[in-house]
Amino acid sequence: MGRRILNEALRKMVNADRRGNATALLQPISGVMVSFLNIMKHRGYIKNFEVMDPHRVGKINVELHGRIKDCKALTYRQDLRAKEIEQYRVRMLPTRQWGYVVITTPNGVLDHEEAIRQNVGGQVLGYFH
C-alpha cells in the first residue's frame, strides 16, 4: 500500500513537470515520501516542498525545477547488499552522469551514493533521473 502511494505521487510530479507546471500537489502523504522528496531536494531535482496538515490525510505542495526526466517507485521488494548497489545502479539508470537510486536502510532513507559511502544495504524504494 505505501509503495503504491509513493509511486502515484512520483508519477504526479513527473506528469506535472512534463506539462510545464511550476508546482504539483501530492495527496495522500507518508513519511517515506517526505524522505524521498528530501533526497530529491538535496540533489537539486526539486526546488522546495511544503507539508500541509501532516496529522490528517495531508498534502504536499512541491515546487518543480523542470529537471525530472523519470521518477518511479518500485512496487515490489528488491533487497540489495552494499556491494550490489553499484551494479543495480548501472542496470537501472540511463547514464553515469545523473540519476539516483533511493534505498531504505537501517541508517534511514539514503541515495545510492550515501549508502555506498556508509557501506549499508537495504531495500530499493525507487529511482529518479
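Trainee: What makes helix H1 a neighbour of E1, E2 and E3 in this structure?

Mentor: In this predicted model, helix H1 (residues 2-19) lies across E1, E2 and E3, and H1 runs at about 160 degrees to E1. Contact here requires heavy atoms within 4.5 Å.

Trainee: Which other helix lies across E1, E2 and E3?

Mentor: Helix H2 (residues 31-42) does, running at about 155 degrees to E2.

Trainee: Why are E2 and E3 called paired strands?

Mentor: Two strands pair if there are at least two bridges between them. E2 and strand E3 (residues 59-64) have 6 bridges, so they meet that definition. Their pairing is antiparallel. Among the residues concerned, Phe49 has Val62 in E3 as its bridge partner, and Ile46 stands opposite Leu64 in E3.

Trainee: What joins E2 and E3, and which residue in the turn has a positive phi?

Mentor: The two strands form a hairpin with 6 residues between them. Asp53 in the turn has a positive phi of about 55 degrees.

Trainee: Why do E1 and E2 stand at the edges of the sheet?

Mentor: The open sheet of 3 strands has the order E1-E3-E2, with antiparallel pairing. Strand E1 (23-26) and strand E2 (46-52) each have a single partner strand, so one side of each is left without a neighbour in the sheet.

Trainee: How are neighbouring strands of this sheet turned against each other?

Mentor: On average they are turned by 15 degrees, direction ignored.

Technical notes
Residues numbered from 1 in each chain as written. Predicted model: local features only at pLDDT ≥ 70, side-chain atom pairs only at ≥ 80, totals over all residues. Heavy atoms only, no water. Helix = DSSP H or I, 4+ residues; strand = E, 2+ residues; numbered from the N terminus. Axes fitted to C-alpha atoms, helices over the stretch in contact; angles between N-to-C directions.
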